[in-house]
Amino acid sequence: MRDRLYWRRFVYAQLAFVLVLAVGTVGFELLLGEGWVASFYRSVVSTTLTGLDTAPETDAGKIFTVALLFAGVAVFFYIAGVIVDLITRGVLRDVLGERMRRSTIEDLEDHVIICGYGRVGRSVAAEFRATGTPCVVVDVTPESVELARSDGVPVVLGDGTEDNDLEAAGLMRARGLVASVDSDEKNLYITLSARARRADLTIVARASSAAAARKIELAGADRVVQPYTHAGLHMANLVVKPQVADFLDIVATAGGPVPELRFEEIVVTRECGQSGRALGDLRIHDTTGAAVVALRRNDGAFDVTPKDEVILEEGDVLIGVGTTEEMRRLEELFAPREAAVG
């Protein structure tokens, strides 16, 4: 509200300057009759305090010129005061900062949109930052927007249920969307809006109950997470299988207690040249140091501890575990041949 007031004052100052020029032009034409162009020129140089080549011949013209000079001084002092207010109160800085932030978002590609920057959204963003995954936050709460900015995350002040706000976050260029608002209804609408615009977008949504999860899945979400259910399972595992739970936390969380150890999924593509080969023939552990702990077949079925005789097919997904360097080598092994050579 205060920012709009300052900008309104700036606009009023410009309008006052234009009005002084118009009055000066009409006045000089009526008093001196030199022609509209000459009257406009005399009005401009008088108002802007740049001086005159010749003084008006009539007393009325001289008095009008003096009055116009005072009016010009008043307008310029007013404009200067408004500009000082804009600078000292940070309004101009905020506007320029907003343009820079908008430009940053417009330059993003293959990023993830996070709708809602509450506890869940902040955890998602932290994980993305740790893994180097570009992301943009969309939140309607000014406090959450400021928090996202302080965390260094590009943010759009808006509602994820609105198509325009999703568009401003780069929906058409994004690789995925996380609907993490603390409202099943809003997450449902966010999913519907995003799926209607992008049939190929990966959408992960939050739900508070199994019934809500089913509805959000029907709306088009690829995955639905129930934080309370997952938290309960994790707590139970910490009691029953604490070492297993700790290990999964370490490898599944970037920047955790052992940041060098992590899980990664590798997609078998036609371009990588490994499709049709037996898993054992690749000697993955010997060449990369990573271990393949599971294989998800193209039909969605999981093969845990896959045997060496398993034939890889296009679309299969390898679940590997290892250090950052080992996972880099594993990714290179399954990279497209052109990329691997380059």
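In what order do the 4 strands of the open sheet lie, and is their pairing parallel or antiparallel? In this predicted model, the order is β7-β10-β8-β9 and the pairing is antiparallel. Strands β7 (261-267) and β9 (302-304) form the edges, each pairing on one side only. From one strand to the next, the twist averages 25°.

Within this sheet, β8 covers residues 291-296 and β10 covers residues 317-323. These two strands run antiparallel and are joined by 5 bridges. R296 has V317 of β10 standing opposite. Strands β7 and β10 are also linked to a helix: α13, formed by residues 324-333, lies across both. The direction of α13 is at about 150° to β10.

Two residues were examined for their backbone conformation. Most residues other than glycine have a negative phi. T305, located in the loop between β9 and β10, has instead a positive phi, near 45°. The relative accessibility of T305 is 54%, and this residue therefore counts as exposed, the cut-off being over 50%.

The second such residue is D110, where phi is near 60° and thus also positive in a residue that is not glycine. D110 belongs to the loop that connects α4 (91-107) with β1 (112-115). Because its relative accessibility is 47%, D110 counts as partly exposed; this class lies between the limits of under 20% for buried and over 50% for exposed.

Conventions: Residues are numbered from 1 along each chain as its sequence is written. This is a predicted model: local features need pLDDT of at least 70, side-chain atom pairs count only at pLDDT 80 or more; totals for chains, interfaces and linings use all residues. Side-chain values use heavy atoms; hydrogens and water are left out. Two strands pair if DSSP finds at least two bridges between them. Axes are lines fitted to C-alpha atoms, for helices over the stretch in contact, and angles run from 0 to 180 degrees between N-to-C directions. Contact means heavy atoms within 4.5 Å. Buried means under 20% relative accessible area, exposed over 50%, partly exposed in between (1.4 Å probe, protein chains only).
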